[in-house]
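Trainee: Please take a close look at one place where two helices pack together. After that, set it beside the other parts worth checking.

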Amino acid sequence: MCGIVGYVGSQRAVPVLINGLLSLEYRGYDSAGLAVLNNKNIDVFKNQGRVKNLTDNFDLDSVASKVGIAHTRWATHGKPSDLNAHPHLDNSKTFAVVHNGIIENYDKVKKFLIANGYELYSQTDTEVIPNLVHYYYNKLTNDVEFRQAQMLTYSTRYSSVDDVLLALRCATGDLTGSYAIELLASFSPDQVYIAKKDSPMVVGSGEGENFIASDIPAILQHTKNFYFIEDGELGIVKPDGVTFFNGSLEKINKELKSIEWDAEASEKNGFDDYMLKEIFEQPRAIRETIGTSIVDNAIALPELDGVDFKKFNMIYIVACGTAMHAGLATKSIFENLAHIPTIVDMASEFRYRNPLIDDKTLCVFISQSGETADTIAALKLAKEQGATTISVVNVIGSSITRVSDYVLYTHAGPEIAVASTKAFTCQVTTLSILAMEIASKRIGSSIDSKIKELCKELSHIPDKVKEVLDNADEMKSLAKELYKSKDVYFTGRGFDAYVATEGALKLKEISYIHADSYPSGEFKHGPIALIEKDVPVIGIATNEDINAKTVSNLLELLTRGANVTLVTNQKIENPEIQHTVKIPECSPLFASILAIVPLQLLSYYVAKEKGLDVDKPRNLAKSVTVE
Ligand code: M6R
């Protein structure tokens, strides 16, 4: 997840671009850069680090250009570095591109470009874009037959073809994945070309000037009038107007909409808090996390080339807090699918209990920040004892990624709220993919059809999360009932027991209500003594093989006075249960990704009802860098 800004108009571009980047830093902050048109040349200024580094390191006050594009990066392909920072130029330095999104087939495009004489210098997926535009621009201007074919394909109703736009359209036709692209051409003064698919982009309209951005906040100080760019659309942005095109390069009219946001609301994209914004970002975050690791319903994890999965006789999954719950929620996938004993451990315990580790042990570490002190220490210990280490991390280039033998990145984007939400669902997604990879490598072709079915199933999860989010108001109403409670209990069996544990952690950390979780079968062994009239109990039941038992345990609590809410994707119609929250059906292996979402929403709305600071709960830090 990155942020982009663009400007064409009568002011100096640099201040507009820099201010825009500063308000987009929540989308990424590991490197920043900008490119401006300067008398048929493109000047690029970029470096690793925050936007402030740009103004500190370059004399931007002397840059007079009135046309420019800019980018703040959250690394996905290629570690944070000056070289990998955007903008990227093509080999001839004719085209400059900033890009938000992931080009899934960049490796294939890269090979094509290299075969056609291009050199690629960075490790990014983005650098293929300006070079591919250059390739097509060259072909359009030198190959008459090719040009005619493209004119027929795209431009039958668009007589005065802009060759750069046509080249950009040809290039995007070759790209799979997501993109919001801004493109400068050194010979086209006063204009920025844009294209979008599955990554956000708005164009802000001003008097004799126009603005482009990933999100409204970046340009809200300049205009309140916006065009919202849809997938597949392209445009040419000039000072006196914007021309939009559909994917066939037909001109289209877009409605200009006025936004009445204040600056603070806009930073959160209209959401009241980062936590709510991050909860609602989950469909995109999960989709990007699946990204290129599932291709044609098979697992593709080149990051793990070289790991001999057959040699392991056990797996430790080690992490803290929510990240550890992601490990618990996927433990059974490793065991049931890959047939390998799997232990999930808290990093703070693992490191002090002399775990049995040798070179036949695989240790998997999970961390959003990649900086959690206990997880780093546990990782170092595992390495010292000869284990193979794989880490599942969100922040590129963080400490854990530098120590670990292998790294799988989640692509949740920056998580700012202390309560982890989108990082959890992305961790479960990546761990599920890892479990399938291990199963495939250990068991061989006899499991192929099962994996294929599961890959298909996982690919539909982002849309199903969206369905759960569409019913957020249900949890808002429930929160109004629960927010005065002193205690809340969560329960489930199997995978659902761990969703219960994560649900309880979410509620206690942001609402300060005492919340606990027990596997449903355990209540009778003690905790049932805590149940009295009106105590809220949230049950989760997503596996038809064990639902009946969970429900029967819930009824036992209900007869002792509990106020029961059941989160389920099964047809359980029990009139005695006070509330039933329906979520979409899916394989029990991935149901935790769907089942946690209503619980995240419930915690959020309960904390709001109590008037608490949701994003910064008391006593907690986002990253726990001390043990
Ligand atoms: O950055 P990490 O994933 O390593 O952080 C681990 C925990 O500190 C973190 O998940 C914590 O439990 C969250 N506050 C939970 O919402």
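Mentor: Helix 10 and helix 14 cross in a right-handed sense (the near helix is turned clockwise from the far one by less than a right angle; anticlockwise would be left-handed). The model is predicted, so local features need pLDDT of at least 70 and side-chain atom pairs pLDDT 80 or more, while totals for chains, interfaces and linings use all residues. Residues are numbered from 1 along each chain as its sequence is written, and side-chain values use heavy atoms, without hydrogens or water.

Helix 10 covers residues 321-338 and helix 14 covers residues 422-443 (helices are DSSP runs of H or I, at least four residues, and strands are E runs of at least two, numbered from the N terminus). Their axes come within 9 Å and cross at roughly 25 degrees (lines fitted to C-alpha atoms over the stretch in contact, with angles from 0 to 180 degrees between N-to-C directions). That angle makes helix 10 roughly parallel to helix 14 (under 35 degrees; over 145 is roughly antiparallel, 65 to 115 roughly perpendicular, the rest oblique).

On the helix 10 side, the contact is made by T322, A323, H325, A326, G327, A329, T330, I333, F334, L337 and A338 (heavy atoms within 4.5 Å). Helix 14 supplies F424, Q427, V428, L431, S432, L434, A435, M436, I438, A439, R442 and I443. By class, the residues of this contact divide into 16 nonpolar, six polar and one charged (Ala, Val, Leu, Ile, Met, Phe, Trp, Tyr, Cys and Pro are nonpolar, Asp, Glu, Lys and Arg charged, the others, including Gly, polar).

T322 also faces the ligand: one of its backbone N or O atoms lies 3.1 Å from a ligand oxygen atom (a polar contact pairs N or O atoms within 3.5 Å). In the side chain of S367, an N or O atom is 2.6 Å from a ligand oxygen atom. For the side chain of T372, the corresponding distance to an oxygen atom of the ligand is 2.4 Å. There are 14 residues around the ligand, and S367, Q368, S369, T372 and E509 come nearest (a heavy atom within 4 Å).

Now two other helix pairs. Helix 17 (residues 472-482) and helix 20 (residues 591-609) have axes 8 Å apart and pack at an angle of about 50 degrees, and they are therefore oblique to each other. Their crossing is right-handed. A472, M475, K476, L478, A479, K480 and L482 of helix 17 meet P598, L601, L602, Y605, V606 and E609 of helix 20. That contact has 10 nonpolar, no polar and three charged residues.

Helix 3 (residues 106-115) and helix 4 (residues 128-142) cross at roughly 45 degrees, with axes that come within 10 Å, and are therefore oblique as well. This crossing is left-handed. Y106, V109, K110, F112 and L113 of helix 3 meet V128, N131, L132 and Y135 of helix 4. Seven of the contact residues are nonpolar, one is polar and one is charged.

Two backbone details remain. Most residues other than glycine have a negative phi, and most peptide bonds are trans. The bond from H86 to P87 is cis, with omega near 0 degrees, and P87 lies in the loop between strand 4 (67-73) and strand 5 (88-89). D296 has a positive phi, near 50 degrees, and is found in the loop between strand 16 (294-295) and strand 17 (298-299).

Definitions and conventions: A polar contact is a pair of N or O atoms within 3.5 Å; within protein, one must be able to donate a hydrogen and the other to accept it, and residues adjacent in sequence count only if both atoms are side-chain atoms.
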